[in-house]
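Trainee: Could you take me through one part of this model up close, namely the aromatic side chains and whatever sits around them?

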Amino acid sequence: MIRLLFDKTVGGTRHGEGVMLDLGTVIESQLIASGDAASANLEMLHPYYHFHGFAGDQASDDSVFYDKSGINHAVRGANLSVSQLWTTVPGYASTIDPAPSLADSVLRIPAINFDYSGGEKLIVWMLGKWTPEGSDTGMIGDGYNTLPGQRGWQIRVMASGKLQPVLRGATSGFGGVLISTPFNGTLRDFGVVLDGQAKKYCVWVDGAVDPFFSSAYLTFSNGADFDTRSTNTVNIGSVTPAPGDTTGIATSIRACVILRLPASYPVPTLASMTVVFKQLRANPGKLLLASAF
């Protein structure tokens, strides 16, 4: 079984990019060798996982928020205790709003080094409870400025309770503000897909594409390309790496899923991602397989 990386004619039949085919060992090996396809074992774990955390099956004295897909566990900042992580809101992994002398009260996942300019795709899905701050605040990401060493991506909570993705390169790119309001203190989920190949993005709320997008990926409002490569940790509760600062937000996380797709991997369709996000909401601890998209 293979997945086509580009539109391709095989045996006189035209197949689209991303299609999975069972063509036999010889033809499949030739297509993989020529760079036109990748092997697709549908029963294996999705190969481009970065993190899959689920609070529902962790003990209240676990020291970290475990990555069920691998070893990129989310570690506690120096000012976030085990008790604060698990008992602030039982059944959730929680962070504390950073404050003076307690700035590192967030969770930190190893660096993802997402390359938007290079055509990679980033998928982030979260299930939890969040209450907006008095001003727009970065909630998860690794980029917080346009200076070298501070660039990257972030998802921020608007003071209105809406969501906005942000890209930080030499300049900043701001996504449109949603119609939905996912941050209102109740249990909600959202999904964000950033497509560095087409320079577009889309946002889902509670398993549906937000009406702002009219069922299509859209471009960022102020620029098409941003160099988001970063060695900073991916941070939950803030977007600044350790030792942090006072800019952040308290979070209660039921689940967090992050995947980074290479430039050669086709961006999933809106329909396929809608199915994935609905399935994650129904079973947020179940790992995604290669067959998901």
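Mentor: Start with R254, which lies over the face of Y92, 6.0 Å from the ring centre. K199 does likewise with Y116, at 5.2 Å from the centre of that ring. For a charge to sit over a ring, NZ of Lys or CZ of Arg has to be within 6 Å of the ring centre and within 35 degrees of the ring normal. Keep in mind that this is a predicted model, in which local features need pLDDT of at least 70 and side-chain atom pairs count only at pLDDT 80 or more, while totals for chains, interfaces and linings use all residues. Numbering runs from 1 along each chain as its sequence is written, and side-chain values rest on heavy atoms, with hydrogens and water left out.

Now the rings themselves. Phe, Tyr and Trp (its six-membered ring) pair if their centres lie within 6.5 Å, with planes under 30 degrees apart called stacked, over 60 edge-to-face and the rest tilted. That rule yields 15 aromatic pairs. Take Y201 and F213: their centres are 5.1 Å apart and their planes stand at 85°, so this is an edge-to-face pair. Y201 sits in strand 16 and F213 in the loop between strand 17 and strand 18 (218–219), so the pair ties together parts 12 residues apart in sequence. Strands here are DSSP runs of E, at least two residues, and helices are runs of H or I, at least four, numbered from the N terminus. Both Y201 and F213 are buried, meaning under 20% relative accessible area; exposed is over 50%, and partly exposed is in between (1.4 Å probe, protein chains only).

W204 and Y217 make another edge-to-face pair, since their centres are 6.5 Å apart and their planes at 70°. Here again distant parts of the chain are linked, W204 in strand 16 and Y217 in the loop between strand 17 and strand 18, 13 residues apart. W204 counts as buried at 1% relative accessibility, and Y217 also counts as buried, at 15%.

Step back a little and you'll see a cluster: ring pairs link F114, Y116, Y201, F212, F213, F220 and F226. So Y116, the ring under K199, belongs to that cluster, along with Y201 and F213.

The loops around here have some odd backbone too. Most residues other than glycine have a negative phi. S214, though, has a positive phi near 50°; this residue lies in the loop between strand 17 and strand 18 and is exposed, at 62% relative accessibility. D206 also has a positive phi, near 55°, in the loop between strand 16 and strand 17, and is partly exposed, with a relative accessible area of 33%.

What packs against this region? Helix 3 (residues 270–282) has buried residues L270, M273, T274, V276, F277 and L280. Seen down the axis, they fall within an arc of 165°, so they line one face of the helix; the arc is that of the directions from the helix axis to the C-beta atoms. They pack against strand 16 (200–205) and strand 17 (208–209), among others, including strand 20 (251–261), where contact means heavy atoms within 4.5 Å. The face turned away from that buried side carries the exposed residues A271 and A282.

Conventions
The expected span of a helix is 1.5 Å times one less than its number of residues.
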